[in-house]
Amino acid sequence: MVFKKKDLLSIKDLSKEEIQHVLELGDSFKEILTRDIKKVPTLRGKTVVNFFAEPSTRTRTSFELAAKRLSADVVNISAKSSSLVKGESLKDTAKTIEALGADAVIVRHLSAGAPKFFAENAKCSVINGGDGAHEHPTQALLDLFTMRQKFGRIEGLHVGIVGDIAHSRVARSNLLALNKMGARVTLIAPPTLIPAGIESLTAVKHGMGAEIKYDFDSVIEKLDVIYMLRIQLERQTESLFPSVREYAKLFGLNLERLKRVKKDILVMHPGPMNRGIEISYEVADIPQTAVTKQVANGVAIRMSVLYLLLGGVEIEKVAN
Ligand code: NCD
């Protein structure tokens, strides 16, 4: 089965069954990545363009490797965001990339909605690689994969997402994805880092059901997964907490706080980490922290997404 859709712009674009399928295909691609020769001819002859108008190390590299492992040709375009914020210039870029013969474009942009705009102006597939504080669907998919790898399921897990919820596209995509898959989500942050009006937003009918806690310690013992978010100082236009030191004390994950968690806790972070702020130097490196696993899983999951959008040789034939 391949997707009947052209683009992946939001987790909302995927049904529960489609998410399940991405994860299962991820298992096959993960196996391929353990081989000596980590490459299959699935997308030979296809062209994937990475269009990143905002800094990125892991997402861009991960998409590049995923496309290369599938034998697609890959072109990287990085753009100074200032010249391409919105309107005609982005439209022209979309038309140009399409004219160059791209089959898929990964769009990262500081403006929410830029990948959608791009998709409306180009016939090729568009994958949202992170747009402003809106969404980052492939990050959520690789996070689900990492949780499923550890617990064998996602349904029923209690996931605490901690920190800069207000500015986090990762939190938003994860919230949607975890809700869809039947996990229980608690958002944990100081009130200034919780988006205004979230209580109405979190109505389950919007696919965003979550509890909100302003006190990390009141809920930490109940969590199966602690998902720490980076404090996005570059997106904050005003000072949203009194001091970084106080934030680290109240909301940072340190060894002291970890003493109270469940025995088989999974600690996650999308990276890049601010060691010493949301996560202590020590906790960043303990075996329960899955940051490098998340990065490794990202390649397999992005292979799944590229495969499902672009279609290719049947995976069964490739795996054998
Ligand atoms: C995140 C992003 O860029 O949205 N990182 C990532 O893609 N792995 C999170 C962040 O920047 O904090």
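**View 1. Side chains around the ligand in this predicted model.** A nitrogen atom of the ligand sits 3.3 Å from an N or O atom in the side chain of glutamine 139. Glutamine 232 also comes in with its side chain, where an N or O atom is 3.4 Å from an oxygen atom of the ligand. Then there's arginine 108, with a polar side-chain atom 3.1 Å from a ligand oxygen. Zoom out a little and the surroundings of the ligand also include Arg58, Thr59, His136, Arg169, Val170, Arg230, Pro270, Gly271 and Pro272.

**View 2. Helix α6, residues 169-180.** Two residues from the ligand's surroundings, Arg169 and Val170, turn up again here as buried residues of α6. Ten of the twelve residues in α6 are buried, so the rest of the structure largely encloses this helix. Besides those two, the buried set includes Ala171, Ser173, Asn174, Leu175, Leu176, Ala177, Leu178 and Asn179. What's doing the covering? Among the elements packed over the buried residues of α6 are β3 (104-109), β4 (125-131), α5 (137-151), β5, β6 (184-188) and β8. As for length, twelve residues at 1.5 Å each should span 16 Å, and the end C-alpha atoms are 17 Å apart, which agrees.

**View 3. The two ends of α6.** At the start of the helix, serine 168 points a side-chain oxygen to within 3.2 Å of the backbone nitrogen of valine 170. Just past the other end, glycine 182 adopts a positive phi of about 85°.

**View 4. A parallel sheet of five strands.** Read across the open sheet and the order is β7-β6-β5-β8-β9. β7 (211-213) and β9 (266-268) are the edge strands, each with a partner on one side only. Ignoring direction, neighbouring strands are turned by 20° against each other on average. Look between β5 (residues 158-162) and β8 (residues 225-228), and you'll find four bridges in the parallel sense. Here glycine 160 is opposite isoleucine 226 of β8.

**View 5. Aspartate 224, in the loop between β7 and β8.** Is this residue buried or exposed? With a relative accessible area of 11%, aspartate 224 counts as buried. Its side chain makes a polar contact with the side chain of lysine 262, at 3.0 Å. Leaving out neighbours within four places in sequence, aspartate 224 also touches Phe151, Gly156, Leu157, His158, Asp264, Ile265 and Leu266, among others. Methionine 147 is 77 residues away along the chain, yet its C-alpha atom is 9.5 Å from that of aspartate 224.

Key:
Residues are numbered from 1 along each chain as its sequence is written. This is a predicted model: local features need pLDDT of at least 70, side-chain atom pairs count only at pLDDT 80 or more; totals for chains, interfaces and linings use all residues. Side-chain values use heavy atoms; hydrogens and water are left out. Two strands pair if DSSP finds at least two bridges between them. Axes are lines fitted to C-alpha atoms, for helices over the stretch in contact, and angles run from 0 to 180 degrees between N-to-C directions. The expected span of a helix is 1.5 Å times one less than its number of residues. Buried means under 20% relative accessible area, exposed over 50%, partly exposed in between (1.4 Å probe, protein chains only). Contact means heavy atoms within 4.5 Å. A polar contact is a pair of N or O atoms within 3.5 Å; within protein, one must be able to donate a hydrogen and the other to accept it, and residues adjacent in sequence count only if both atoms are side-chain atoms. A residue is near a molecule or strand if one of its heavy atoms lies within 4 Å of it.
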